Amino acid sequence: MAWTWVSHVVCVVTTWISHIVCVASVWIAHIVCVAWTPVVHAACRFSTWVVGGLMGGAIALGRLLCPVYTLLLAGSRRHLCESKVQTVSAVPRITAEAFSVAGVDSRFAYRDSGRRYDFRIESGRVEVSEDAGASWQLLSQEAISFDEMRLGVRSPAPRFDMVSASAGRVLAKEEGTDRLFFAILDPMFWHFSNAADPEGGIDGPAAAARAAELVVPSTYFKLDPEENIFGATNADLLVPLEGNFNAHPASERFHFFSTVLAAKGGLLDRFFHGMVVRVEPRLWHLIDTRPPPGKSRVPSGLPAYEQVAYCNSAGTQAWQCAIAFDRVLGIGAGHAHWHEQYDWTFGGEIQALNAKGVFDVPLLSYYQLFNGPIVDRDGFVDGTCNLYLLCRLTTPGDTASPCVPLPAKDAASAPPQQFALLFLDEQSLFSQRWRLAHPEDHEGLMFALAPDLYAKKNAYGFDLQKFWCPFKALAVTEESRLAVSRQVVVVNGRDPNSGRVELYSINFSWATSDHSWRWRAFPEGMTAMSLSDDDVQGASETVVVDSQTPDRIYPQTVRLREDTTLHCKGTSAGADGEIDIGRWFQKYLPADAQPVPALDQLGAPAAGQPPQKPGMGYEHPWQFLPEATFRRADRFSHFGVYRKADSRSQYYRVSIDRKDPSIDAAARWEDNTMQLAITRAKFDWEILSGGTGSMVGGATLSDLAASASAESSFAAMVWSLPTQSSRFQSSYNPGRVFLKLGWRGPLGWIATHWDKRDDELDAFDALPMTMTLHEGGTSQPGGARELPLMILAHVQVWSVPAVHEVEVVLHRENDRVTRAVVSFQSVFAQRLLLGMSGGVFDQAVWDQGSGGVWENLWQIHVGAVPQSGTIELLTLEVPTHFTLRPDSDGWFDGSWVPLTPAEADLMANYCSERGRMAHGTSVWFEDVVGHVSTAARTRFIDASR
């Protein structure tokens, strides 16, 4: 195999390989999940079709030169020979919570809400509860490290002093060191176990489906600790990839990875220093943050230390450096499951998949070439996890650091920052080390967003001169703490000029970024308080009541729920004058999901000056709930929504002859005739690994050169690869299309994917299409009925219900509630009205555009969480029961009339400010595909008092 790695150099010159490399941007690391050189190597395996005789000669030359090269290589091989662990202190954090989408009873049961877990540290050990804290069990007694051996070394779990959790990940820091460990509670993926019966258990109870399933392992790439170590065997590298998982998308490249890893020990080791780890649930995994050999210098102005040394056969050491810190103030895991889809509540102004690559073709097209017809946004597109660490940087000593820094691009003078936010992609091999959450820490990153933001002027509309950072502005202090959800991070701090306590936030990760950090102050009249030193060290977070300052907030207690609701502990004066201890909460983004200020309002600094702090901050409302009420509301995945969420990110407009009340909204409808499909060209991974795949097409270099347009160039490049044209139906139910149908008033009938796992698929081809669906997935005589229909058009939905404010006003007669007027201000309606010429209402414009309003707001719900359980008071269809208020900026009004005296009493008890505080009464909205959200502000008013 060694000769192949010599001949690969010639392969690079071929045009189609250069296209693969040029496409290298944020998403490739998660697409190919291996350095480009192994891809080039694999490409040579089928290069005969690409450049014919040229490659044959190159391969023969490689065979001839192989022995010579091997002798030259032997003396220059380096192996990992020494590592250092930093001694660091920490601000204890002993509780966390998460909703794991992976916590399902069967492969057909993935939902937005997931399974709730609570975590706590007791005597240095992390415990987990699945029953709201009624019982606790040790998460794991063991930990595994792959820092020394490819097969891993197990040991007793260390003592921990910090814990954080998000979705399917729990993160913990070892007491007294900089070592972090992660664990998963649930297997991330389940798949059918019998290829002859892929739908096994679909119509039975969850237990029947689970009996027909197997676990598809989660894997990640990390540094190979035994590379070039005498006696190491490549067979150990293949163990994590063993098994047959029936072509589940998470495993389809296992064979290819095995082929690449089996070739380690030659030229590959000069470029690719990784291995694959299979993640075992409920076992602590040590996170390897050591950089591989190569260039990844720490940015100038940051302290650095020699973290890992590589030695050659002569014993010469070459050290790789990393950012030095001595105290950890916060940790966080931002995880998005493969079967979750992006929505706009997570922000992220810069999404690489929206950009264009080679031939001016959207990067999404390249992504689909390698992964199939998938549509989502960065950070969610194939599931990802970014780890974050808020730390105090080491103070430079008198001795000069031996680490050579990465020179600064801009010579603007600024005092050195004292604190830093670091991040690491869970695929730690590609991050290489803890990275500064700033585009300037870009060297050595392949396929990440940061290098493009730093080096390519105006890439994605980004301007480094407008990227204000609170760390560089010295707004982060010893009292700062970290909150994380998905790719969103929030840090509390203090403006160094005004002294005002603020929160700073950004969406920043391997694949996403905002154009700048933004900030928010606390409302006028609210006093920001600091925890006592004893509370900090004891992680007790004691809240003190003071009648002189009834409205208090403790920024050091900041948390960010997975639905991106911010909350901090504090106090507030209730309606009865009593001061309650509880939580202040606010949505991360306003109802319109727009960052404040907008991109065009970010100011540029004067020449030679650092970026300016944005001139305005977020001002949307904060609200308060007493602690006991907040805790009951917090048990639900979406704050203020007291039911499980099960959304889709797309739907199809459907024409059916009638509104058929017999159509069950949960029923499964199947296209037995296989008319619905998505035809795409897809890379054939089996060919790369020596399998039995086949290639369609076979463009030549002259075809590429002669291409007359970007589209034809892209097409020619596609068909010069080992590509197959396939008709896709489902990635998880082969050859099947399962839909569910629902009536949506003014929009008529819609169809969505019945299986949430298929919700990531692109739109079906050849629409509109007349066809017949069969209920229950069978067309046998006497079986389920047939339903003729026409599928009209596809609609993608990234938004969630967007409402600025909602009011419930009670009206009484003789002290008894007789009706309530429910009013709300719709973001979509406001936009539509503002766009009308001259500010004058235009019925024709409204009729044409109101479908977007009804799509965004299909139902309204009112519910509460009293101590006795959950109660839902009202569910109404918005288009039917609400009318646009004349001459308003998007306000709707509707009446709610109690049908019985008992219902009137419930309204009186729950639908008041007192009821909201005591019972968490909430109003939430649902769109046509199941997204749920509350308004930015909810108010209950008694008109007679």
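Which handedness, right or left, goes with the torsion about the S-S bond of Cys 321 and Cys 403? That torsion is about -90 degrees, so this disulfide is left-handed. Keep in mind as you read that you're looking at a predicted model.

**The disulfides**

A disulfide is a covalent bond between the sulfur atoms of two cysteines. In this structure the count comes to 2. Here they are side by side.

| Disulfide | S to S distance | S-S torsion |
|---|---|---|
| Cys 81 to Cys 311 | 1.9 Å | about 70 degrees |
| Cys 321 to Cys 403 | 2.0 Å | about -90 degrees |

Let's start with Cys 81 and Cys 311. With its torsion of about 70 degrees, this disulfide is right-handed. The bond ties together distant parts of the chain: Cys 81 belongs to strand S1 (residues 79–83), Cys 311 belongs to strand S17 (residues 304–311), and 230 residues separate the two. What about their surroundings? Cys 81 has a relative accessibility of 32%, which makes it partly exposed. Cys 311, on the other hand, counts as buried, because its relative accessibility is 8% and the limit for buried is under 20%.

Now for Cys 321 and Cys 403, the left-handed pair. These cysteines also come from distant parts of the chain, 82 residues apart. You'll find Cys 321 in strand S18 (residues 317–323), while Cys 403 sits in the loop between S21 and strand S22 (419–425). Both Cys 321 and Cys 403 are buried.

Two further cysteines are worth a quick look. Cys 391 is buried at 0% relative accessibility, and Cys 568 is buried too, with a relative accessible area of 1%.

**Space inside**

Rolling a probe the size of a water molecule over the atoms shows where empty space is left. Across the whole structure, a search turns up 10 cavities of 30 Å³ or more. Take the second largest cavity, which holds about 470 Å³ of space.

What lies nearest the centre of that second largest cavity? The residues there are Thr 219, Trp 338, Asp 382, Gly 383 and Gln 427, out of a lining of 29 residues. Four elements give two or more residues to this lining: strand S14 (218–223), helix H9 (254–262), strand S19 (325–336) and strand S21 (384–393). S14 gives the most, with 4 residues. As for chemistry, the lining of the second largest cavity divides into 14 nonpolar, 9 polar and 6 charged residues.

**Rings and charges**

There are 37 aromatic pairs in the structure. One of them is formed by Tyr 117 and Phe 119, whose ring centres are 6.4 Å apart. Their planes meet at 35 degrees, so the pair counts as tilted. Both partners are tucked away: Tyr 117 is buried, with a relative accessible area of 1%, and Phe 119 is buried at 3% relative accessibility.

Ring pairs can also link up into a group. Here they join Phe 824, Phe 841, Trp 846, Trp 854, Phe 882, Phe 892 and Phe 925 into a cluster.

Finally, look for arginines sitting over rings. Which ring does Arg 668 lie over? The face belongs to Phe 738, and Arg 668 is 5.2 Å from the ring centre. Arg 831 lies over the face of Phe 828, at 5.7 Å from the ring centre.

Key
Residues are numbered from 1 along each chain as its sequence is written. This is a predicted model: local features need pLDDT of at least 70, side-chain atom pairs count only at pLDDT 80 or more; totals for chains, interfaces and linings use all residues. Side-chain values use heavy atoms; hydrogens and water are left out. On a 1 Å grid over the protein atoms alone, a cavity is a set of points where a 1.4 Å probe fits but cannot get out, and a pocket is an open set with protein on both sides within 12 Å along at least five of seven lines; lining residues have an atom within 4 Å of a point. Grid points are joined across faces, edges and corners, and a volume is the space filled by probe spheres set on the points. Ala, Val, Leu, Ile, Met, Phe, Trp, Tyr, Cys and Pro count as nonpolar, Asp, Glu, Lys and Arg as charged, and the others, Gly among them, as polar. Rings of Phe, Tyr and Trp (its six-membered ring) pair if their centres lie within 6.5 Å; planes under 30 degrees apart count as stacked, over 60 as edge-to-face and the rest as tilted. Buried means under 20% relative accessible area, exposed over 50%, partly exposed in between (1.4 Å probe, protein chains only). A charge sits over a ring if NZ of Lys or CZ of Arg is within 6 Å of the ring centre and within 35 degrees of the ring normal. A disulfide is a pair of cysteine sulfur atoms within 2.5 Å.
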